[in-house]
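Reader: I would like to go through this structure step by step, with a reason behind every answer. Could we begin once it is on the screen?

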Amino acid sequence: MNKNKFFLHPAKFAAASVTWVFCAVIGITLVTLHLAASAALFLGISLLFLIVSLYEGTVISVSADGVLSSVCGKKLQYFPWAKIAEIGVINTKVFGNTKKQSPGALYIYISPEKTTEEERFNMALKWPPKGRISMQYTQKRLDSIRMYWDGQITAYNVDLYKN
(Lines give C-alpha, C1' and ligand atoms only; values in the text may rest on other atoms or scores of the structure.)
Protein backbone atom coordinates (compact mmCIF):
# COMPACT_ATOMS: atom_id res chain seq x y z
CA MET A 1 0.00 0.00 0.00
CA ASN A 2 1.38 3.40 -1.03
CA LYS A 3 1.55 5.73 1.97
CA ASN A 4 3.10 9.17 2.22
CA LYS A 5 4.11 10.46 5.65
CA PHE A 6 4.78 14.09 6.51
CA PHE A 7 5.62 16.01 9.67
CA LEU A 8 3.08 18.72 10.45
CA HIS A 9 5.78 21.42 10.18
CA PRO A 10 9.31 20.01 9.64
CA ALA A 11 11.31 23.22 10.28
CA LYS A 12 9.50 24.00 13.54
CA PHE A 13 9.84 20.35 14.59
CA ALA A 14 13.61 20.42 13.97
CA ALA A 15 14.10 23.74 15.78
CA ALA A 16 12.03 22.67 18.78
CA SER A 17 13.77 19.28 18.96
CA VAL A 18 17.26 20.81 18.93
CA THR A 19 16.20 23.36 21.55
CA TRP A 20 14.70 20.84 23.97
CA VAL A 21 17.72 18.52 23.72
CA PHE A 22 20.14 21.45 24.20
CA CYS A 23 18.22 22.77 27.23
CA ALA A 24 17.93 19.28 28.71
CA VAL A 25 21.69 18.74 28.43
CA ILE A 26 22.35 22.10 30.09
CA GLY A 27 19.75 21.35 32.77
CA ILE A 28 21.25 17.94 33.56
CA THR A 29 24.73 19.48 33.65
CA LEU A 30 23.49 22.11 36.10
CA VAL A 31 21.97 19.37 38.27
CA THR A 32 25.38 17.68 38.50
CA LEU A 33 26.89 21.06 39.48
CA HIS A 34 24.26 21.36 42.25
CA LEU A 35 22.75 24.55 40.80
CA ALA A 36 19.13 23.64 41.44
CA ALA A 37 17.40 26.91 40.44
CA SER A 38 19.25 27.19 37.13
CA ALA A 39 18.73 23.47 36.45
CA ALA A 40 14.99 23.81 37.10
CA LEU A 41 14.80 26.76 34.69
CA PHE A 42 16.55 24.91 31.87
CA LEU A 43 14.66 21.68 32.47
CA GLY A 44 11.39 23.66 32.42
CA ILE A 45 12.35 25.27 29.11
CA SER A 46 13.32 21.83 27.84
CA LEU A 47 9.92 20.44 28.78
CA LEU A 48 8.16 23.32 27.03
CA PHE A 49 10.10 22.72 23.81
CA LEU A 50 9.56 18.95 24.09
CA ILE A 51 5.81 19.62 23.99
CA VAL A 52 6.22 21.94 20.99
CA SER A 53 8.40 19.32 19.31
CA LEU A 54 5.79 16.62 19.81
CA TYR A 55 3.07 18.86 18.38
CA GLU A 56 5.08 20.04 15.35
CA GLY A 57 6.33 16.49 14.84
CA THR A 58 2.81 15.14 14.41
CA VAL A 59 2.98 12.67 11.53
CA ILE A 60 0.33 13.02 8.83
CA SER A 61 -0.08 9.83 6.78
CA VAL A 62 -1.85 10.02 3.42
CA SER A 63 -2.84 6.66 1.94
CA ALA A 64 -5.52 5.03 -0.17
CA ASP A 65 -7.53 4.46 3.03
CA GLY A 66 -7.58 8.08 4.19
CA VAL A 67 -5.64 10.63 6.22
CA LEU A 68 -4.25 9.85 9.68
CA SER A 69 -2.50 12.10 12.20
CA SER A 70 -0.42 10.51 14.94
CA VAL A 71 2.19 11.38 17.54
CA CYS A 72 4.78 8.77 18.52
CA GLY A 73 2.63 6.12 16.85
CA LYS A 74 -0.50 7.10 18.81
CA LYS A 75 -3.49 7.88 16.57
CA LEU A 76 -4.91 11.36 17.09
CA GLN A 77 -7.37 11.66 14.21
CA TYR A 78 -8.30 9.57 11.21
CA PHE A 79 -10.54 10.51 8.30
CA PRO A 80 -11.30 7.90 5.62
CA TRP A 81 -11.70 9.49 2.18
CA ALA A 82 -15.46 8.82 2.21
CA LYS A 83 -15.84 10.94 5.38
CA ILE A 84 -13.84 13.93 4.12
CA ALA A 85 -16.06 16.79 2.97
CA GLU A 86 -13.44 19.46 2.22
CA ILE A 87 -9.73 19.80 1.64
CA GLY A 88 -8.24 23.23 1.35
CA VAL A 89 -5.17 25.41 1.40
CA ILE A 90 -5.35 28.36 3.76
CA ASN A 91 -3.16 31.41 4.26
CA THR A 92 -3.10 32.29 7.95
CA LYS A 93 -2.08 35.89 7.26
CA VAL A 94 -5.55 37.40 6.94
CA PHE A 95 -4.74 41.06 7.63
CA GLY A 96 -2.40 43.36 5.69
CA ASN A 97 -2.00 41.02 2.74
CA THR A 98 -3.88 42.88 0.02
CA LYS A 99 -1.08 42.60 -2.56
CA LYS A 100 -0.48 38.88 -1.85
CA GLN A 101 3.26 39.47 -2.34
CA SER A 102 4.30 38.16 1.05
CA PRO A 103 2.03 35.28 1.97
CA GLY A 104 1.70 34.17 5.54
CA ALA A 105 2.06 30.58 6.56
CA LEU A 106 0.25 28.29 4.14
CA TYR A 107 -1.36 25.12 5.43
CA ILE A 108 -3.39 22.25 4.02
CA TYR A 109 -6.43 21.30 6.05
CA ILE A 110 -8.61 18.20 5.83
CA SER A 111 -12.13 18.62 7.17
CA PRO A 112 -14.97 16.16 7.76
CA GLU A 113 -17.47 18.97 7.08
CA LYS A 114 -17.83 21.77 4.55
CA THR A 115 -16.85 25.23 5.76
CA THR A 116 -18.15 28.66 4.85
CA GLU A 117 -16.01 31.66 3.97
CA GLU A 118 -16.57 33.04 7.48
CA GLU A 119 -15.58 29.72 9.08
CA ARG A 120 -12.37 29.68 7.02
CA PHE A 121 -11.61 33.25 8.15
CA ASN A 122 -12.12 32.22 11.79
CA MET A 123 -10.05 29.08 11.21
CA ALA A 124 -7.17 31.23 9.89
CA LEU A 125 -7.41 33.52 12.93
CA LYS A 126 -7.52 30.65 15.44
CA TRP A 127 -4.97 28.35 13.85
CA PRO A 128 -4.57 25.37 14.34
CA PRO A 129 -8.12 24.21 13.64
CA LYS A 130 -9.99 21.93 15.99
CA GLY A 131 -11.55 18.74 14.60
CA ARG A 132 -9.49 18.88 11.40
CA ILE A 133 -6.15 17.52 10.27
CA SER A 134 -3.68 20.12 9.04
CA MET A 135 -0.10 20.30 7.84
CA GLN A 136 2.28 22.81 6.32
CA TYR A 137 1.63 23.41 2.62
CA THR A 138 4.05 22.18 -0.03
CA GLN A 139 3.25 21.21 -3.57
CA LYS A 140 4.48 17.66 -2.88
CA ARG A 141 2.04 17.31 0.01
CA LEU A 142 -0.84 18.66 -2.04
CA ASP A 143 0.05 16.31 -4.92
CA SER A 144 0.08 13.40 -2.46
CA ILE A 145 -3.48 14.27 -1.43
CA ARG A 146 -4.61 14.77 -5.03
CA MET A 147 -3.59 11.18 -5.79
CA TYR A 148 -6.62 10.08 -3.75
CA TRP A 149 -8.91 13.14 -3.60
CA ASP A 150 -11.01 13.83 -6.70
CA GLY A 151 -12.86 16.79 -5.17
CA GLN A 152 -12.02 20.44 -5.45
CA ILE A 153 -9.22 21.91 -3.35
CA THR A 154 -10.62 24.99 -1.59
CA ALA A 155 -8.27 27.97 -1.47
CA TYR A 156 -8.67 30.65 1.18
CA ASN A 157 -6.65 33.86 0.91
CA VAL A 158 -4.14 32.22 -1.44
CA ASP A 159 -3.72 31.76 -5.18
CA LEU A 160 -2.79 28.10 -5.62
CA TYR A 161 -1.54 28.63 -9.14
CA LYS A 162 1.24 30.99 -7.95
CA ASN A 163 2.52 28.58 -5.28
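Reader: How many aromatic pairs does a search of the whole structure find?

Author: This is a predicted model, and that should be kept in mind throughout. A pair of aromatic rings is described by the distance of the centres and the angle of the planes. Rings count as a pair here if their centres lie within 6.5 Å, and with that cut-off the search of the whole structure gives a total of four.

Reader: Which residues form one aromatic cluster together with Trp81?

Author: A cluster joins aromatic residues into one group, and here the group includes Trp81. The other members of this cluster are Tyr148 and Trp149.

Reader: In the open sheet with the order E1-E2-E3-E4, what is the sense of the pairing?

Author: Strands of a sheet pair through backbone hydrogen bonds, either parallel or antiparallel. One example is strand E2, residues 59-63, which is joined to strand E3, residues 66-71, over four bridges, and within this pair Ser61 has Leu68 of E3 as its bridge partner. For the four strands of this sheet, the pairing is antiparallel.

Reader: Which strands of that sheet stand at the edges?

Author: The order of the four strands is E1-E2-E3-E4. A strand at the edge has a single partner strand, so one side of it is left without a neighbour in the sheet, and this applies to strand E1 (3-7) and E4.

Reader: Which helix packs on this sheet, and what angle does its direction make with that of E1?

Author: The sheet itself has a twist that averages 20° from one strand to the next. The helix that packs on it touches E1 and E2 and spans residues 139-146, which identifies it as H4, and its direction makes with that of E1 an angle of about 145°.

Reader: Where does Asn4 lie, and which residues does it touch?

Author: Asn4 belongs to strand E1. Leaving aside residues up to four places away in sequence, the residues touched by Asn4 are Ile60, Ser61, Val62, Ser144 and Met147.

Reader: In the open sheet with the order E7-E6-E5-E8, which residue of E7 is the bridge partner of Tyr107?

Author: This sheet has four strands with mixed pairing, and E7 and strand E8 (153-156) are its edges, each with a single partner strand, so one side of each lacks a neighbour in the sheet. Strand E6, residues 106-111, and E7 run antiparallel and are joined by four bridges. In E7, the partner of Tyr107 is Gln136.

Reader: Which residues line the largest pocket, and what is its volume?

Author: The lining includes Leu8, Tyr55, Arg132 and Ile133, while strand E4 (74-80) and strand E7 (133-136) are the elements that give two or more residues to it. By kind, the lining residues divide into seven nonpolar, four polar and one charged. The full lining is Leu8, Tyr55, Thr58, Ile60, Ser69, Leu76, Gln77, Pro128, Pro129, Arg132, Ile133 and Ser134, and the volume is about 180 Å³.

Reader: Which kind of peptide bond joins Trp127 and Pro128, and what is the phi of His34?

Author: Most residues other than glycine have a negative phi, and most peptide bonds are trans. Pro128, in the loop between helix H3 (117-125) and E7, is joined to Trp127 with an omega of about 5°, and this bond is cis. His34 sits in the loop between helix H1 (10-32) and helix H2 (36-56); although His34 is not a glycine, its phi is positive, about 60°.

Note on methods
Residues are numbered from 1 along each chain as its sequence is written. This is a predicted model: local features need pLDDT of at least 70, side-chain atom pairs count only at pLDDT 80 or more; totals for chains, interfaces and linings use all residues. Side-chain values use heavy atoms; hydrogens and water are left out. On a 1 Å grid over the protein atoms alone, a cavity is a set of points where a 1.4 Å probe fits but cannot get out, and a pocket is an open set with protein on both sides within 12 Å along at least five of seven lines; lining residues have an atom within 4 Å of a point. Grid points are joined across faces, edges and corners, and a volume is the space filled by probe spheres set on the points. Ala, Val, Leu, Ile, Met, Phe, Trp, Tyr, Cys and Pro count as nonpolar, Asp, Glu, Lys and Arg as charged, and the others, Gly among them, as polar. Two strands pair if DSSP finds at least two bridges between them. Axes are lines fitted to C-alpha atoms, for helices over the stretch in contact, and angles run from 0 to 180 degrees between N-to-C directions. Contact means heavy atoms within 4.5 Å. Rings of Phe, Tyr and Trp (its six-membered ring) pair if their centres lie within 6.5 Å; planes under 30 degrees apart count as stacked, over 60 as edge-to-face and the rest as tilted.
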